[in-house]
Amino acid sequence: MRLTTKQIEHIKTVVSDEFGDQATVTLFGSRQQDAGRGGDIDLLVSCTHAIAQPALVAARLEVKIMQRIGLQKVDVLLSAPNLQPFPIHRIAANGIIL
């Protein structure tokens with residue numbers, strides 16, 4: 001996994017501040033591979049409660065995470081009871097839980 005301990009702490013703090021300690025964060029995509037270089041940070045954030053305005057929430061999370069870890073491209077995918085799952089959610093769920 002190509003995230004530092006500090007980056008993981010920042011990501012988890014931002015998500016916890018937004019959704020509480022019940023939310024989980026899963027890293028998926030190219031950053032899972034130790035041998036790779038570069039690439040954006042793909043995160044699946046899973047919540048147990050409904051999320052109103054998910055596009056706005058995902059964008060806000062991306063910005064807050066980038067502000068904490070530096071200007072690196074971050075993509076946030078949300079999972080919640082009120083959101084329709086897509087095939088990408090199954091792929092992301094097989095990632096590394098932070």
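Let me begin with a definition: when I speak of helices and strands, I mean DSSP runs, with helices of at least four residues and strands of at least two, numbered from the N terminus. With that in hand, I can place Gln-53, which is found in the loop between β2 and α2. I should also say at the outset that what we have here is a predicted model.

Staying with Gln-53 for a moment, its phi is near 50°, a positive value in a residue other than glycine. As background, most residues other than glycine have a negative phi. The same residue, Gln-53, has a relative accessibility of 56%, and because the cut-off for exposed is over 50%, Gln-53 counts as exposed.

From that loop we move into helix α2, which runs over residues 54–69 and has 16 residues. At 1.5 Å a residue α2 should span 22 Å, and since its end C-alpha atoms are indeed 22 Å apart, the expectation and the model agree. Just after α2 comes Gly-70, which takes a positive phi of about 105°.

Now, which residues of α2 are buried? They are Val-57, Ala-58, Leu-61, Glu-62, Ile-65 and Ile-69. Seen down the axis of α2, these buried residues fall within an arc of 135°, so they line one face of the helix. On the other side of α2, by contrast, Ala-55 and Gln-67 are exposed. As for what covers the buried residues of α2, the cover includes α1, residues 5–19, together with β2, residues 41–46, and β3, residues 74–79.

That brings me to α1, and in particular to Ile-8, which is found in that helix. Ile-8 has a relative accessible area of 16%, and because buried means under 20%, Ile-8 is buried. If we leave aside residues up to four places away in sequence, Ile-8 touches Met-1, Leu-3 and Leu-98. Where does Ile-8 stand relative to Ile-69? The two are 61 residues apart in sequence, and 9.0 Å apart in space, C-alpha to C-alpha; Ile-69, as I said, is one of the buried residues of α2.

Finally, let me turn to the surface, where Phe-86, Ile-88 and Ile-91 form a nonpolar patch whose accessible area together is about 280 Å². Of these residues, Ile-91 lies in helix α3, residues 87–93, and its relative accessibility is 53%, so Ile-91 counts as exposed.

Definitions and conventions
Residues numbered from 1 in each chain as written. Predicted model: local features only at pLDDT ≥ 70, side-chain atom pairs only at ≥ 80, totals over all residues. Heavy atoms only, no water. Expected span 1.5 Å × (residues − 1). Buried < 20%, exposed > 50% of the residue type's maximum accessible area, 1.4 Å probe, protein only. Arc of directions from axis to C-beta. Contact = heavy atoms within 4.5 Å. Patch = residues over 30% accessible without salt bridge, like charges linked within 9 Å, V, L, I, M, F, W, Y side chains within 5 Å. Areas by Shrake-Rupley, 256 points an atom, 1.4 Å probe, with all protein chains shown as cover. Salt bridge = Lys/Arg side-chain N within 4 Å of Asp/Glu carboxyl O.
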